[in-house]
Amino acid sequence: MFRRKSNKQVFIIAALVILLCLTCITGATFAIFTNDLDDGTIGVVATSGNIEIDVVDMLGNTLKTKALTFKTTSTATEEGEILFEPGAIFYTEGFKVANKGDIPVNFRISVSKDTNIDMGAFDEAFEVWIVREGDDFSSAEKLSEFEVEGLAAKTGSETYYLFIRMKETAGNQFQGKAYTGIGITVYAVQGNVAIE
């Protein structure tokens with residue numbers, strides 16, 4: 001009989017201790033997530049970052065809705081008009097990618113679609129390369145393989161130039177067509193996320 005009473009007391013005390021622990025845990029959790037941070041107590045604040053990217057010229061002026069103009073290392077007419085011919089290399093004016101958001105970003109660049117040119121034919125006829133800081137084609141990387149990781153918030157990238165080379169195998173599909181500038185699109189994601 002004494003043994004049964006002892007077991008009952010142990011079970012009641014154990015149940016009360018468990019109930020007390022659950023009450024303390026629930027109360028502490030509620031306090032952490034509902035406390036006002038101004039009173040100096042611990043709290044949880046979750047914020048999300050803001051991604052804002054711009055393409056700017058050498059002086060920091062936006063290039064949105066503008067085409068990058070071509071320069072040439074190859075043949076040009078007396079009036080300065082660039083002649084597209086197999087093997088010719090053209091390059092754009094310098095530009096930078098500006099991270100105006102408040103988180104680091106990863107980005108890549110692609111040539112924008114042009115309504116006057118069949119971009120499938122463009123890809124067959126031209127190679128597009130990118131150069132960092134300078135206009136020396138020997139240090140160029142293929143644009144399709146170019147990616148920048150961790151461009152810090154509120155900063156700008158180094159200066160880039162696009163080099164466009166007309167392949168020797170290009171046919172006559174561009175004959176008589178004017179192509180005086182090139183548009184670019186920048187794809188950016190939060191710095192710890194891979195670009196798809």
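Of the 196 residues in this chain, 30% count as buried, meaning that each of those has under 20% relative accessible area. Keep in mind that you're looking at a predicted model. As for the surface, the chain exposes about 13,000 Å², and carbon and sulfur atoms supply 55% of that area.

Now for the layout. The chain has two helices and 12 strands. If you walk along the sequence, you meet a helix, then five strands in a row, then the other helix, and after that a run of seven strands, as the pattern α-β-β-β-β-β-α-β-β-β-β-β-β-β shows.

How do contacts spread along the sequence? Take the ones between residues at least 6 apart: 74% of them join residues at least 24 apart.

One piece worth picking out by eye is an open sheet of three strands, which runs in the order E8-E5-E12 with antiparallel pairing. Its edges are strand E8 (148-151) and strand E12 (184-190), and each of these pairs on one side only. Going from one strand to the next, the twist averages 30°. Strand E5, sitting between E8 and E12 in the sheet order, covers residues 105-111.

Let's zoom in on one of those pairings. How many bridges link E5 and E12? There are seven, and the two strands run in the antiparallel sense. To find a spot to start from in the structure, look for Ser110: its bridge partner is Thr185, in E12.

Technical notes:
Residues numbered from 1 in each chain as written. Predicted model: local features only at pLDDT ≥ 70, side-chain atom pairs only at ≥ 80, totals over all residues. Heavy atoms only, no water. Pairing = 2+ DSSP bridges. Helix = DSSP H or I, 4+ residues; strand = E, 2+ residues; numbered from the N terminus. Axes fitted to C-alpha atoms, helices over the stretch in contact; angles between N-to-C directions. Buried < 20%, exposed > 50% of the residue type's maximum accessible area, 1.4 Å probe, protein only. Contact = heavy atoms within 4.5 Å. Areas by Shrake-Rupley, 256 points an atom, 1.4 Å probe, with all protein chains shown as cover.
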